[in-house]
Amino acid sequence: MTPSDIPAVNRLLKKAFHHVRAPIMELIAAQTHDPFRILLGTILSARTKDACTAAACGRLFERVTTPDGLRTIAQTELERLIYPVGFYRDKARHLKALPEVLDEKFGGVLPQTVEELCELPGVGRKTANLVVALGFGKPAICVDVHVHRITNRLGLVSTKTPYDTEMALRRLLPPRYWITWNSYLVSFGQTRCTPRNPRCDGCPIAGFCEAAAASNR
């Protein structure tokens with residue numbers, strides 16, 4: 001795949017996306033339109049399957065929808081609500097610390113840049129980019145394991161880490177695609193281009209994929 005193929009691949013990914021269930025954070029964004037709840041959900045979703053994240057978010061959002069809600073709830077109760085998401089004790093600790101850090105660094109207002117969001121407990125670049133994109137509707141490239149894996153398989157990038165992939169995509173990908181590519185590729189990675197045994201037969205973007213071409217040689 002070359003940069004000139006991006007518009008065609010984007011159209012095919014978009015079509016595939018609309019035939020499957022959207023990733024959980026896309027659903028939370030559509031349901032809440034709330035950057036803070038998108039932040040909470042994204043923190044919970046790390047290393048956790050969508051179904052588990054959805055259930056945990058449902059329980060948490062019945063009790064907590066604002067920083068003040070996190071202040072008044074015990075950390076042990078947070079652990080109970082979000083269990084069994086991955087690393088739930090660490091995530092509960094990060095959530096409990098969030099209001100104080102928001103107050104100290106940002107006057108209690110959720111920041112809107114990747115760099116500032118990364119100053120919050122439990123927030124890395126993947127989470128920050130997703131909050132900027134889905135929460136605030138600003139161009140941001142969220143690179144998780146699916147985006148990293150698929151863009152390398154396609155041959156669009158040749159990178160070793162998600163950070164390197166994000167920086168490469170910032171150079172290659174037109175900004176109009178930044179917000180949606182994470183959703184498209186996460187969905188594609190969950191349903192077709194899986195880590196092991198990807199379903200290359202019948203793949204709509206196989207004609208653009210270096211890995212698929214190599215497997216047919």
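Trainee: How many aromatic pairs does a search of the whole structure find?

Mentor: The search finds two aromatic pairs, in what is a predicted model.

Trainee: Why is the pair of F17 and Y184 called tilted?

Mentor: The planes of F17 and Y184 stand at 50°. Stacked needs under 30 degrees and edge-to-face over 60, so the remaining class, tilted, applies. The rings are 5.2 Å apart, centre to centre, and the limit for a pair is 6.5 Å.

Trainee: What makes this pair a link between parts apart in sequence?

Mentor: F17 belongs to helix 1 (residues 6-17) and Y184 to helix 12 (residues 178-191), so the pair ties together parts that are 167 residues apart in sequence.

Trainee: How do you know whether F17 and Y184 are buried or exposed?

Mentor: The relative accessible area is 9% for F17 and 8% for Y184. Buried means under 20%, so F17 is buried, and so is Y184.

Trainee: Why is the pair of Y83 and Y88 called edge-to-face?

Mentor: Their planes are 80° apart, and edge-to-face needs over 60 degrees, so the name applies. The centres of Y83 and Y88 lie 4.9 Å apart.

Trainee: Which burial classes do Y83 and Y88 fall into?

Mentor: Y83 has a relative accessible area of 48%. That value lies between the cut-offs of 20% and 50%, so Y83 is partly exposed. Y88 has 17%, which is under 20%, so Y88 counts as buried.

Trainee: Y88 also takes part in a helix contact. What makes helix 6 oblique to helix 7?

Mentor: The two helices pack at an angle of about 130°, with their axes 9 Å apart. Roughly perpendicular ends at 115 degrees and roughly antiparallel starts over 145, so an angle between these limits counts as oblique. Helix 6 is therefore oblique to helix 7. Their crossing is right-handed.

Trainee: Which residues make the contact?

Mentor: Helix 6 contributes Q75, L78, E79 and I82. From helix 7 come Y88, R89, K91, A92, R93, L95 and K96.

Trainee: Which residues touch the most other members of the largest nonpolar core?

Mentor: L40, L60 and L120 do, in a core of 42 residues. Several helices each supply at least two residues, among them helix 6 (75-82) and helix 7 (88-106). Helix 7 gives the largest share, seven residues.

Trainee: What does L120 touch, not counting residues up to four places away in sequence?

Mentor: L120 touches L39, L98, V101, L102, F106, L110 and P111. A second, separate core has 27 residues, including I6 and L156.

How values were computed. Residues are numbered from 1 along each chain as its sequence is written. This is a predicted model: local features need pLDDT of at least 70, side-chain atom pairs count only at pLDDT 80 or more; totals for chains, interfaces and linings use all residues. Side-chain values use heavy atoms; hydrogens and water are left out. A nonpolar core is a set of buried Ala, Val, Leu, Ile, Met, Phe, Trp, Tyr and Cys residues joined through side-chain atoms within 4.5 Å. Buried means under 20% relative accessible area, exposed over 50%, partly exposed in between (1.4 Å probe, protein chains only). Helices (H or I, at least four residues) and strands (E, at least two) are DSSP runs, numbered from the N terminus. Contact means heavy atoms within 4.5 Å. Rings of Phe, Tyr and Trp (its six-membered ring) pair if their centres lie within 6.5 Å; planes under 30 degrees apart count as stacked, over 60 as edge-to-face and the rest as tilted. Axes are lines fitted to C-alpha atoms, for helices over the stretch in contact, and angles run from 0 to 180 degrees between N-to-C directions. Angles under 35 degrees count as roughly parallel, over 145 as roughly antiparallel, 65 to 115 as roughly perpendicular and the rest as oblique. A crossing is left-handed if the near helix is turned anticlockwise from the far one by less than a right angle, and right-handed if clockwise.
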